[in-house]
Amino acid sequence: MAATNPVECFRDEASCSICLRFFQDPVSIHCGHNFCRECITHCWEEAEENFTCPQCKEAAPQRNLRPNRELAKIIEIAKKLSLKATKSGTMEEKLCEKHQEVLKLFCEEEQIPICLVCRESQTHRVHLVVPIEEAAEEHKEKFQAHVQILKDRREKLLGLKTTEEGKSLDFLERVEMERQKIVAEVKELHQFVEGQEHLLLDQLAKLDQEIMRRQEENINKILEGISSIDEQIHELEEKCQQPACEFLQDSRNILSRLEEDLNQKPAEKPSPELEEKPTSVLQKNVALKEMLMKFQVSLTLDPETAHPHLVLSEDLKRVRWESTLQPIPDNPKRFDSSRCVLACQGFQTGRHYWEVMVVGDGEAWAVGVAKESVRRKGRVSVNPKVGIWAMGRCGSQYQALTSPTTPISLVVAPKVVGVYLDYEGGRVAFLDPNQQVPIFTYPPTSFGGEQLLPLLCLGRGGRFRLCP
């Protein structure tokens with residue numbers, strides 16, 4: 001049996017059998033074996049009795065750790081010698097495990113280092129062998145050649161990386177330019193729509209004043225005519241009461257004057273200028289409607305918010321009132337008293353427009369927007385104080401659901417209601433797209449950064465459809 005390498009034997013004896021490193025704070029246990037204090041303590045962590053030696057398995061009834069100071073000193077010397085040998089490069093040469101001879105040759109056939117004794121053995125006698133230093137140099141050259149190949153590949157990949165980064169930077173710059181262009185165009189569009197809105201609202205206000213002034217003038221003229229006729233009637237009735245002789249005096253002059261009054265032209269019609277103004281404003285309203293359509297959004301109703309009396313269509317575009325409560329589960333989002341339903345889509349920025357068709361014969365309904373935090377349980381008062389901006393119908397009266405409500409005078413009952421939301425401007429407006437006339441506009445307000453959801457409320461017999 002070959003002699004054991006004394007260096008390796010020394011390292012084995014100076015190493016802990018648990019962590020396989022030089023002893024750290026060595027201690028002896030009941031059987032005489034040595035371990036690192038931390039290693040044996042960790043090994044016995046969960047043991048309460050029968051403390052077993054990890055090396056010889058001898059057990060002891062109680063824990064007994066004795067510091068081994070002599071071994072600690074030897075370990076310190078061993079560490080210093082090992083470090084010194086490493087720094088000076090005088091580490092012992094690698095020996096053949098079989099013959100304990102220095103490995104001086106390299107077998108090209110089996111690609112392993114061998115000693116001189118191995119070279120003469122039957123195994124390697126016919127193999128080509130070279131000095132181990134020569135073989136090492138040859139392999140180093142091969143390794144270096146591969147290193148150079150890998151370096152070249154790395155340089156190519158770095159070049160591709162730089163090119164790709166350049167392309168990405170170019171694309172990002174183009175995207176940023178396009179983004180700025182879109183922002184500028186949308187901003188310009190917003191300013192144009194807002195200007196058109198203010199202009200048309202001012203024109204309508206002036207038109208209201210002009211109509212009222214002309215109405216007052218015409219009514220005053222009519223009242224003057226009525227008063228004149230009353231005076232004439234009174235005069236003729238008194239004349240008829242006179243005696244015949246007195247009655248016939250001056251009767252011819254009176255009849256001539258009456259015939260002359262009857263032959264006068266009737267009151268003039270309103271001025272053509274006044275008749276043209278509504279037409280001009282309506283033409284501009286058509287342009288405003290076309291502009292609003294650029295902000296049109298597609299909506300679907302949220303079934304989780306619908307009151308149990310409301311039934312939604314499969315495409316979630318229509319809703320109708322049913323007298324029978326629907327067997328649907330309750331949840332925090334559902335209205336349980338107010339017969340309302342919200343849309344799935346919410347808005348926290350920008351301008352948006354949608355249309356709701358009133359297809360039912362219900363006499364109580366409302367459309368508008370509501371804050372996402374609006375109360376869902378119990379009776380909800382529909383007004384801006386609770387976070388709802390809406391208009392609707394109650395009986396035969398149309399009204400804006402302000403607090404208190406504001407009556408709305410409409411010439412024609414709207415079959416479709418358009419809702420316009422300008423989040424940043426704090427505006428909610430309603431119009432009749434079929435008649436091309438505004439219905440009501442809420443004063444500017446702040447929505448507090450909270451999401452707004454389209455809202456529909458309907459009573460008995462009511463039906464709504466979201467226009468595509």
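Mentor: A strand is a DSSP run of E with at least two residues, and strands are numbered from the N terminus. With that in hand, we may examine this predicted model.

Trainee: Where is the place of Pro404?

Mentor: Pro404 sits in the loop between strand S15, residues 397-400, and strand S16, residues 406-408.

Trainee: What kind of peptide bond joins Ser403 and Pro404, and how is that known?

Mentor: The omega angle of the bond between Ser403 and Pro404 is about 0°, and the bond is a cis peptide bond. In general, most peptide bonds are trans.

Trainee: What makes the phi of Asp25 worth a remark?

Mentor: Its phi is near 55°, which is a positive value, and Asp25 is a residue other than glycine. As a general matter, most residues other than glycine have a negative phi. Asp25 lies in the loop between helix H1 (6-13) and strand S1 (26-28).

Trainee: Why is Asp25 called partly exposed?

Mentor: Its relative accessible area is 45%. Partly exposed covers the values between under 20%, which is buried, and over 50%, which is exposed, so the term applies to Asp25.

Trainee: What is the phi of Lys57, and is this residue buried or exposed?

Mentor: Lys57 is not a glycine, yet has a positive phi of about 70°. The residue belongs to the loop between strand S3 (51-52) and strand S4 (59-60). Its relative accessible area is 58%; the cut-off for exposed is over 50%, and therefore Lys57 is exposed.

Trainee: How many disulfides does a search of the whole structure find?

Mentor: The search finds zero disulfides. Take Cys16, for which the nearest cysteine sulfur is that of Cys19, 4.0 Å away. A disulfide needs two cysteine sulfur atoms within 2.5 Å, so Cys16 is in no disulfide. For Cys96, the nearest cysteine sulfur belongs to Cys118 and is 3.8 Å away. That value also fails the 2.5 Å limit, and therefore Cys96 is in no disulfide.

Trainee: Are Cys16 and Cys96 buried or exposed, and why?

Mentor: The relative accessible area of Cys16 is 0%, and that of Cys96 is 8%. Buried means under 20%, so Cys16 is buried, and Cys96 is buried as well.

Trainee: Why is the contact between the side chains of Glu165 and Lys161 called a salt bridge?

Mentor: Their N to O distance is 2.7 Å. A side-chain nitrogen of Lys or Arg must lie within 4 Å of a carboxyl oxygen of Asp or Glu, so this pair qualifies. The two residues are four residues apart in helix H5, which means that about one helical turn separates them. Glu165 is partly exposed at 43%, and Lys161 is partly exposed at 47%.

Trainee: How many salt bridges are found in the whole structure, and what makes Arg318 and Asp315 one of the pairs?

Mentor: The search finds 14 salt bridges. Between Arg318 and Asp315 the N to O distance is 3.4 Å, which lies within 4 Å; the pair is therefore a salt bridge. Arg318 is partly exposed at 40%, as is Asp315 at 38%.

Trainee: Which residue meets Glu322 in a salt bridge?

Mentor: The partner is Arg320, at 2.8 Å from N to O. Glu322 has a relative accessible area of 25% and is partly exposed; Arg320, at 37%, also counts as partly exposed. Elsewhere, Glu210, Arg213, Arg214 and Glu217 are joined into one network by salt bridges that share partners.

Trainee: Which residues make the nonpolar surface patch?

Mentor: Ile219, Ile222, Leu223 and Ile226 make a patch of about 360 Å². Membership requires over 30% relative accessible area and no salt bridge, with nonpolar side chains joined within 5 Å. Ile222 is placed in helix H5, residues 132-240.

Trainee: Why is Glu231 called exposed?

Mentor: Glu231, which also lies in helix H5, has a relative accessible area of 55%, and the cut-off is over 50%; therefore Glu231 is exposed. Its C-alpha is 56 Å from that of Ser381, and the two residues are 150 apart in sequence.

Trainee: How confident is the predictor in this model, and where does pLDDT stay under 50?

Mentor: The average pLDDT is 84, and 90% of the residues score at least 70. Residues 270-276 stay under 50, and the model gives this stretch six contacts beyond four places in sequence.

Notes: Residues are numbered from 1 along each chain as its sequence is written. This is a predicted model: local features need pLDDT of at least 70, side-chain atom pairs count only at pLDDT 80 or more; totals for chains, interfaces and linings use all residues. Side-chain values use heavy atoms; hydrogens and water are left out. Patches are made of residues with over 30% relative accessible area and no salt bridge: like charges are joined within 9 Å, nonpolar side chains (Val, Leu, Ile, Met, Phe, Trp, Tyr) within 5 Å. Accessible areas come from the Shrake-Rupley method with a 1.4 Å probe; for residues, only the protein chains shown count as cover. Buried means under 20% relative accessible area, exposed over 50%, partly exposed in between (1.4 Å probe, protein chains only). pLDDT is the predictor's confidence in each residue, from 0 to 100. Contact means heavy atoms within 4.5 Å.
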